[in-house]
Amino acid sequence: MFKEYFSIAWRSVVAHKIRALLTTLGVVIGVSSVILLLSLGNSAKAEAANQIRAIGSNLIIVRVTDRNGVLPTIWLDELKDSGKLAAYSEIISGNTSYVVNGQNFDVSVSGVNQDYGFVSSLELTSGRFLSQIDLDNNLPVVVIGPKVAEKLFPLTDAVGETMVIQGVQFRVIGILTERGTNFNGDLDATAYIPIDFAGTLFPYRLNSKTYYLASETEDTVATSMRKIESYLTSVLPSANEFNVFSQSQILGVMNTLMGLLTTLLAGIASISLIVGGIGIMNIMLVTVRERTREIGVRKALGAKRSQILIQFLIEAVIITTLGGLIGLGVSYVGAAIIQYLSDFKVTVGLDSVFLSLIFSITIGVVFGIYPANKASQLEPVDALRYE
Amino acid sequence: MLTLSNVTKHYKMGDSVVRALDGISLTIDEGDFTAIVGPSGSGKSTLMNIIGCLDIVTDGEYVLNQIPIKKYEEDELAEIRNKQIGFVFQQFNLLPSFSALENVMMPMTYARVPKKQREKIAAEILTKVGLGDRMDHKPTELSGGQQQRVSIARALANNPAIILADEPTGALDQKTGKEVLDLLTQLNKQGKTVIVITHDVGVAAYASRILTIRDGKIVDDSRKEADHV
């Protein structure tokens, strides 16, 4: 029986192609904008999560702004020996500028120890990272990001070459793999040198200290953080002088923010779905009025109230579902365009397909029920007399 | 077949009440060919609506096929219309976007006849009314007479006992009108109870019994012994 209703409804939709198409427009715009925004939000979330995971979710970052605030090496080693920390490195960063082909090229230089590579999950394409010997002897060696290698040594293998940082000559010993950009800036325009060198090259940075610590596992991150916090509270006058945060915390905050933003935008976009629904209702009311006589004939020939109701409801649902499918297509195209223009990866997932179908069917039912009910309640005598 | 006892039907028109039917009693037997004749406003359309279960009486009793039609639910009335009565309208009332075959199939759809069977029956009936070669035509591709024959075929779809025709020739010229009336006569001879509502005495002449109605009352009931042809 359902098949019959469907084919009757389909026939009348096809009989008014242009009208049906124009009517679906509201749903098309609504569905495509909601889907596109949700996909964008999800892609942004995934992107952020990827970046942070690349750095390592075991990572704890400690910033101390008090001059006296130091995490003593002995204390850190103790933590490490007790199995709470896998590795740690203090980090002193500064910037240095080069002129390449008449253009400024900024490189973020960081002084770190030999464990930093592990802490930050760095990988190399060639050469090696800083070693214990480099640190102990304070050797002028540098590990550089791929962009630095490309800009400063475009023609040769950078490993073994020398580069000048703040007037000091450094020998390049390793090149890092590409990591892209995150909230810390361009991760590929970086250079890593032994920490004591950084202390002399960027002395003003000594006022505050930053430590990167890798917890043994993801689960021990919280306990390690508590340990560090209680230690710093015991040596420093005020808790304002330091902060301790983990990579997963940042991830959590970003996820929450991004989720909120996505929901908000999708919520605004869904207003257009409601507007589209009202358009459907409007057209269905016109259709019912136009087809009063048909309804009368059908009733005279034995159609029950429920059968008329279902026929018109299905018609509304067909129109909105059609709109939903077109909207889905539009959002696929939109995603491809955004990806092409911004090289930001946007994927319309399978969940979006279901979502758009659920949306459009719901809109059809919600806004189609009133006109359909109106049709079903026409008295056959009156409906047959209608011109 | 059907009995009306002291049936009245009142309509509210603004403040006043219109007595469209005012105490009508009649019995129509199975196999009758009855014409209900009267000028416009006489109440004959209201009578047709009552007989066709499109409307219910204000007072009195209507029994169709031993079923008293009084306080029926709308859905039950729909089912009675679907199975017991075949309607033929003045304006044919075919659905324009459906073919002749599909139009004839429609009452069977509501009777939940399986599709294969619907198609077979509809094709048979259309062939019987002489439209075997026009089954896939849309109503607009058919002449008035052909359209009325499609609607008679549609009325026959669920094999009802009664054919109720409201001015079946009203939109046709004399020649095609006669063809339609001949078809109705033929159906009557095959055992259908035929009721024709008309203002045209010439049309009524085809019937074996003529009920004249005026101001909501039956004023004349005459039977013809011999066939008119």
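**Chat: cavities, pocket and interface**

Trainee: Which helix of chain A gives the most to the lining of the largest cavity?

Mentor: Helix 9, which supplies 3 of the lining residues. Helices (H or I, at least four residues) and strands (E, at least two) are DSSP runs counted from the N terminus. A cavity is a set of points on a 1 Å grid over the protein atoms alone where a 1.4 Å probe fits but can't get out, and lining residues have an atom within 4 Å of a point.

Trainee: What kind of model is this?

Mentor: A predicted one: local features need pLDDT of at least 70, side-chain atom pairs count only at pLDDT 80 or more, and totals for chains, interfaces and linings use all residues. Residues are numbered from 1 along each chain as written, chains are lettered from A and ligands numbered from 1 in written order, and side-chain values use heavy atoms, without hydrogens and water.

Trainee: OK, back to that cavity. Which other elements supply at least two residues of its lining?

Mentor: Helix 1, helix 2 (17-55) and helix 11 of chain A, alongside helix 9 (247-290). Among the lining residues are A:His16, A:Arg19, A:Met284 and A:Glu315.

Trainee: And what lines the second largest cavity?

Mentor: A:Leu301 is there, with chain B residues including B:Arg81, B:Phe87, B:Arg154 and B:Pro160. Strand 6 of chain B gives the most, with 3 residues. Helix 2 (74-84) and helix 5 (144-156) of chain B each supply at least two as well.

Trainee: Switching to pockets. What's the volume of the largest one?

Mentor: About 740 Å³. A pocket is an open set of points with protein on both sides within 12 Å along at least five of seven lines, and volume is the space filled by probe spheres set on the points.

Trainee: Which residues are closest to its centre?

Mentor: Of 29 lining residues, A:Arg385, B:Ser45, B:Thr46, B:Asn49 and B:Asp166. Helix 1 of chain B gives the largest share of the lining, 5 residues.

Trainee: How many residues of chain A are in contact with chain B?

Mentor: 21, and they meet 26 residues of chain B; contact means heavy atoms within 4.5 Å.

Trainee: How many salt bridges across that interface?

Mentor: The rule (a Lys or Arg side-chain nitrogen within 4 Å of an Asp or Glu carboxyl oxygen) finds 5. B:Glu74 pairs with A:Lys299, with the closest N and O atoms 3.1 Å apart.

Trainee: Which helix of chain A gives the most to the side that touches chain B?

Mentor: Helix 10, with 6 residues. Helix 1 (2-15), helix 11 (305-342) and helix 13 (380-385) of chain A also give two or more.
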